[in-house]
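Here's a quick tour for anyone opening this one for the first time. Have a look at the model below, then follow the notes topic by topic.

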Amino acid sequence: MIEVENLCRRYGSATALDGVSFAAQSGEVVGLLGPNGAGKTTTMRILTGFMPPTSGRARIDGHDVVEDSLAARAKVGYLPERTPLYPDMTVEGCVTFWAELRGVKKPRPAAHEALRKVDLFGRRQSLVRSLSKGMRQRLGLAQALVHNPPVVILDEPTIGIDPAQVIEVRQTVKALGKEHTVLFSTHILTEAEQVCDRVVILNLGRVAAEGTPDSLRKTLFSGDRVAVQVQGLSPEAALKALRAATGVAQAEPDGVGFVVRGKTGVDVRPHVAGAVQRAGGLVIELRPIELTLEDIFLNLVGKGGN
Amino acid sequence: MRGIGIVFRREMAAYFTSPIAYLIAAAFLLVTGLVFNTNLTLSVTQRPVNPVPNALAFFLIFFGPVLTMRLLAEEAREGTLELLLTAPINERAIVFGKFLSAWAYFTLLLLLTLVYQVILVAVARPEVGQAVSAYIGIWLYGGAVLAIGLFFSAMTDSQVLAAFLSVAALTLLYLGEQAGQIVANLDLANLIRTLTLPGHYTGSFAVGLIRFEDFVFFSGVIVVMLYVALRALEARRTGGAGWQGRGVRSLIGSALGVAFLLTVVSGVYAASANAALTLDMTESRQYSLSRETLTVLQRVKEFGQPIRITGFYSPNALTFRQLDDAIARLYEEETDGLISREYFDPNENRTYSERFNLQIDGELFVSYLDANGEVDFSTVRRVTAENSQERNLTNAILRLLDINRFEVAFEVGSSDIVPDDSSAAGYSGIIDGLEANGIETFGINLNQLAIDGQDVPNTVTTLMLLQMREPLSAGAVQVLDRYFARGGRAFVFADADYGASPFLSESDPFNAYLWERFGVRMRDAVVIDALSNAGTELDVLSYAVSDGSTITARLNDPENPFSRALFRVARAVQIDPEPPVQNGMVVATSPESYGETDLTLLGQSSRYAFEVSEDIAGPLNLAAWANDTRTGARLVLVGDQNFLSNGLVQNPEGNGILFTDAITWLTGFGESVIFAPQARASNLPTVFISTQDLDNIALITTLLLPGAVLLLGVGIRWWRGRR
């Protein structure tokens, strides 16, 4: 559905994309993961036909985004990063307008349908300017979906909205995957893990890694990290017990507790619990520590350096 | 193109739902309403023109950018442009849809101002055709302004910057019309003027002349500006691609595209300017050749001698040049180039202009060309600026055609007049006037002709007996009798003379001859008028004039107090009610006048009193005409000559009118000068309206109308705000 081959894009002397290639199959939710400035937005803008690549090719459902731009654009629903909307239009008018522009035969029913999907049907007569940030985000989604495109491209759809709404949007995106090919960008790893079938990690305009969230985790991370708090043992004894546990690569004190890193591919939590018990202590906290994106990129950049 | 309609509809909806747009509309109506009312107040003394479209030519500098600044700049700033540019529609659809919406909104504003035209029709008699032309013109003008504004809106994300740049560009394009004031070179100034917007409005659409080339110009501006706006919009896709690859290619492509468009547009413009396709919208067909002119041009063609129209226009007078040339080129076309035209800058061709005796900037001359194709300076005729341009030009050509056809002879044997010396005090004004009209003047001595047994030359069309100091000899009267017998015409002036044997006293045999021959004669009585005078009862103003006479058609115009003739110490003319030939009164005094016969008392002490037994009761005749249709002889007899003196002939106007129209009738010049004397209507007040009505109109147009629009905007804002 989405094919990207060796995409390059320069702004003057700055290189935003430097040979990016990836693909997304029909019905797949693909996450574009990367820090700010990695080239996520540029990739999406090329795919949506907003700007041409400096070199390389990109196809949407077989249509080249440069040679056959109008056909390619007709297949895409796009929600840009800033969720641009016309503040002085009504919710319904806004979605109907985009439906018309994208050639929907019956724009108004299509708009209603899309508004129902994002749960804004009740507010269809309101002015866009009166909507909350989360509602606007959903309205942005509605305009991207109104023409029922095979490909939906969402640029950081969860940025700047409150946590409850973030969860809503994530669920919506995940649901979209049933009917559409979804490409969405984020810089939050867990979001990508929760929503995506596959993740493409961009860094400095290149694909740093690509795969399912699980496989990526396995290739990239040298092991899970676990936070442990122990009762009934002196810190020295606890540390000794932890270090001796099966599968533990490293254990260090951290505040009132300890941070334990397991060997690659091993879930160390049962071993840690067992070891503490055997030493006569009691585990009062055993919590996996989420890896931050910074960690991953440090890792990736480190790899690249090697 | 798919999408134009959709973009257009959204923009229109945005205009109608945005309070700003209503604010703009209200301001628009307020400004145009003020202009209209100011002009209406002035129109009580001037003919109303179309102030609103003309003022808009200026005000569009500000209204245009306000309407266009948000079109693309706002989309760019809000980010919605990214969505528009990724929608499956062409950029052209975006640019055209936005442009058309702005133009449609402007059209609506323009239609609102038609209220003023309706009011004008109700209170006056405006030139409807000219108004239609002005509206078409300003509509196209507005289209060009909006296209320029749209281009600047496409250039930037900032509405303020877009508006500022547009205002700056439009100001330049507006002031360029006045390029003549800073650019010394005429051709350059003219070129600059051709490139400005008002250069294609003020001299054509605004005055009721629709020229195809102006359509081409405005359409050309729109096409070129929309193209550039389109390329600017496309350049937003390439973003900062700058000076490499695609960026450079697109830049070169744009430049080539603009060059191509400019070539096409200027080509079509030049061709259309050359073809001179025009539509005359004025009521008086001011920019079309009248039947009368065509008759004259037929004479030109039959005569076959090339004629040159020479005009002198400084760069300051380019608008006048355009207006005059709109007429002059019709003459050239009609005569297939036999009449040609040439324009000079008087500042750069000073010596040449001096040969024409150029007096003011913007003057035209007609002349024959000699065998070398050069202006024959002995035939140069000045085009007077009295009437419409066509009338002036045709009259000048007629005077050229009539060179030496009309000869007016002044009797010099018994008079003090020196016709050859135009500097002579007293009557040089009328003599110069005759000469300027192509009428030859010279003196003849009737007494000498009688002695030599000769006749008045056949070439003489009118004989003037003016400033006569003594009666004609019996022989001279016989010469005159023979002259009249073969259809001679004479303009005879008598005056109060207290000497021993004055000219045309009741005892003068010539006076008796006139009575016998034409049924008119002079009385030995000075007219005293208590009712119709200019201060003293001896300064008599024409009270009544004959009906249906070409001599008096323009006299005593009730609209123009200066159109009465003034006679100073005049004698009464007697008219025979049973005349031998047709005759009649020209000018008569009021019922409260009489003829004082005691000339001795009057001459010595300037005292007079009505005595029933001696004096002649009024009204009296001051001038009379006679027409012997059998021989063709004509006579005009006037009981005064002072009215022709340099001091009085132009003040009041009536004196000059009486002389001109009398000489026109006598010479038959009137039958050849096809524009017969006409009532002067063009400068008359045509708005007849009470102050109360003026106030009401002002209230409606400057308060109620903009206020209603403003309220509508507030209402819509409130209604939409509730949701």
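Let's start where the two chains meet: chain B and chain A bury about 3100 Å² between them, with 55% of it on carbon and sulfur atoms. Keep in mind that this is a predicted model. From the chain contact we'll move on to the domains, the empty spaces and a couple of backbone details.

**Where the chains meet**

- The contact draws on 31 residues of chain B and 37 residues of chain A.
- How many salt bridges cross the interface of chain B and chain A? The rule finds 2.
- Glu100(A) pairs with Arg9(B) in a salt bridge, and their closest N and O atoms are 3.4 Å apart.
- On the buried figure quoted above, it helps to know that the size of an interface is often given as the accessible area lost when the parts come together.

**How each chain is divided**

- Chain A is assigned two stretches, with domain 1 covering 2-219 and domain 2 covering 222-290.
- In chain A, the C-alpha centres of domain 1 and domain 2 sit 42 Å apart.
- Chain B is split into domain 1 (4-210 + 693-721), domain 2 (291-401) and domain 3 (407-672), so domain 1 of chain B is written as two pieces of the chain.
- Between domain 1 of chain B and domain 2 of chain B, the centres are separated by 39 Å, taken over C-alpha atoms.
- That contact uses 16 residues from domain 1 of chain B and 13 residues from domain 2 of chain B.
- Together, domain 1 of chain B and domain 2 of chain B bury about 1100 Å², 55% of it on carbon and sulfur atoms.
- As for salt bridges between domain 1 of chain B and domain 2 of chain B, the count is 0.

**The second largest pocket**

- This pocket has a volume of about 850 Å³.
- Which residues lie nearest its centre? They are Asp88(A), Met89(A), Arg10(B), Ala14(B) and Thr17(B), out of 36 residues that line the second largest pocket.
- Helices from both chains supply at least two lining residues each: H3 (91-101) of chain A, plus H1 (4-17), H2 (19-42), H3 (51-78) and H23 (691-721) of chain B.
- H1(B) gives the largest share of that lining, with 7 residues.
- By type, the pocket lining breaks down into 15 nonpolar, 8 polar and 13 charged residues.

**Closed-off spaces**

- Rolling a probe the size of a water molecule over the atoms shows where empty space is left.
- Searching the whole structure turns up 4 cavities of 30 Å³ or more.
- The second largest cavity holds about 50 Å³ of space.
- Its lining is made of Leu209(B), Ala276(B), Thr278(B), Tyr287(B), Ala326(B), Arg329(B), Leu330(B) and Glu333(B).
- Helix H13 (residues 318-334) of chain B contributes the most to the lining of the second largest cavity, with 4 residues.
- The lining of the second largest cavity comes out as 5 nonpolar, 1 polar and 2 charged residues.

**Backbone details worth a look**

- Is the peptide bond from Gly618(B) to Pro619(B) cis or trans? It's cis, with omega near -10°.
- You'll find Pro619(B) in the loop between strand E19 (616-617) and strand E20 (621-628) of chain B.
- Over in chain A, Asn6(A) has a phi near 55°, which is a positive value in a residue other than glycine.
- Asn6(A) belongs to strand E1 (residues 2-11) of chain A.

Technical notes. Residues are numbered from 1 along each chain as its sequence is written. Chains are lettered from A and ligands numbered from 1 in the order in which they are written. This is a predicted model: local features need pLDDT of at least 70, side-chain atom pairs count only at pLDDT 80 or more; totals for chains, interfaces and linings use all residues. Side-chain values use heavy atoms; hydrogens and water are left out. On a 1 Å grid over the protein atoms alone, a cavity is a set of points where a 1.4 Å probe fits but cannot get out, and a pocket is an open set with protein on both sides within 12 Å along at least five of seven lines; lining residues have an atom within 4 Å of a point. Grid points are joined across faces, edges and corners, and a volume is the space filled by probe spheres set on the points. Ala, Val, Leu, Ile, Met, Phe, Trp, Tyr, Cys and Pro count as nonpolar, Asp, Glu, Lys and Arg as charged, and the others, Gly among them, as polar. Contact means heavy atoms within 4.5 Å. Buried area is the accessible area (1.4 Å probe) that two parts lose on being put together, summed over both. A salt bridge is a side-chain nitrogen of Lys or Arg within 4 Å of a carboxyl oxygen of Asp or Glu.
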